Amino acid sequence: MPPPGHLQKKYPGKTHLLKHAAEWGQLVIIKCNRCRRGATYLASDLIELLDPERPALWPPFPCPRCGTDECIRVTLNSPYGEDYGRMLIRRPGPIRVTQTWRTVKLGDP
C-alpha cells in the first residue's frame, strides 16, 4: 500500500521534508475532506513532535473526529505579512500528567 499523501502534488526535483518546511518558516495546513475539520500548524512545531526526515505532505496524525488519515489533505503555505496577528494556528500547550486509580484487594500491591 502506498504511503499516505501519495496522490498529492510533489515538489519537483526532490522530496520536500518536514525539516525543509521548518527551515523556510512554512505553515502546514491540514484539512479532513470527510468531516471538513481543519487546522494550521507551524512546521517548526511539528518537527519537535515528529520525525524531521518525513515528507512534509504526509498527514502528521489522524483526524480526531473521524479517526482516520485517509481523507486528510496536507498543503504547505508561507505566511504573508498581513497574516501575523490575524491567522489562527495550533501551537503545543503544556503537558499534563493525570493520576489514574485502580481498585485492588487489601493486601495486594
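User: Let's start with strand β2. Are its residues mostly covered or mostly open, and how do I read that?

Analyst: Keep in mind that this is a predicted model. A residue counts as buried when its relative accessible area is under 20%. Strand β2 covers residues 38-42, and 4 of its 5 residues are buried.

User: Which strand does β2 pair with, and in what sense?

Analyst: Its partner is β1, residues 27-32, and the two run in the antiparallel sense over 5 bridges. To see one of those pairings for yourself, go to Ile30: its bridge partner in β2 is Ala39.

User: And what joins the two strands? How many residues sit between them?

Analyst: β1 and β2 make a hairpin, with 5 residues between them. Look at Arg36 in that turn: its phi is positive, at about 65°.

User: Okay, pockets next. How do people find them?

Analyst: Rolling a probe the size of a water molecule over the atoms shows where empty space is left. Here, the second largest pocket comes out with a volume of about 250 Å³. It has 13 lining residues, and the closest to its centre are Arg37, Gly38, Ala39, Tyr41 and Pro64. The hairpin strands come back here: β1 and β2 are the elements that give two or more residues to this lining.

User: What classes of residue line the second largest pocket?

Analyst: Its lining has 9 nonpolar residues, 3 charged ones and 1 polar one.

User: I also spotted some cysteines. How many disulfides are there?

Analyst: First the idea: a disulfide is a covalent bond between the sulfur atoms of two cysteines. A search of the whole structure turns up 0 of them. Take Cys32, which is in no disulfide: the nearest cysteine sulfur belongs to Cys35 and is 3.7 Å away.

User: Why doesn't Cys66 bond to Cys35?

Analyst: Because the gap is too wide: the closest cysteine sulfur to that of Cys66 is in Cys35, 3.6 Å away, which is too far for a bond. The cut-off is 2.5 Å.

User: Are Cys32 and Cys66 buried or exposed?

Analyst: Cys32 has 2% relative accessibility, so it counts as buried. Cys66 is at 27%, so that one is partly exposed.

User: Last one: where is His16, and what does its side chain contact?

Analyst: His16 lies in the segment before α1, the helix spanning 18-23. Its relative accessibility is 6%, so His16 is buried. The side chain of His16 also makes a polar contact with the side chain of Gln26, at 3.0 Å.

Notes: Residues are numbered from 1 along each chain as its sequence is written. This is a predicted model: local features need pLDDT of at least 70, side-chain atom pairs count only at pLDDT 80 or more; totals for chains, interfaces and linings use all residues. Side-chain values use heavy atoms; hydrogens and water are left out. Helices (H or I, at least four residues) and strands (E, at least two) are DSSP runs, numbered from the N terminus. Buried means under 20% relative accessible area, exposed over 50%, partly exposed in between (1.4 Å probe, protein chains only). A polar contact is a pair of N or O atoms within 3.5 Å; within protein, one must be able to donate a hydrogen and the other to accept it, and residues adjacent in sequence count only if both atoms are side-chain atoms. Two strands pair if DSSP finds at least two bridges between them. On a 1 Å grid over the protein atoms alone, a cavity is a set of points where a 1.4 Å probe fits but cannot get out, and a pocket is an open set with protein on both sides within 12 Å along at least five of seven lines; lining residues have an atom within 4 Å of a point. Grid points are joined across faces, edges and corners, and a volume is the space filled by probe spheres set on the points. Ala, Val, Leu, Ile, Met, Phe, Trp, Tyr, Cys and Pro count as nonpolar, Asp, Glu, Lys and Arg as charged, and the others, Gly among them, as polar.
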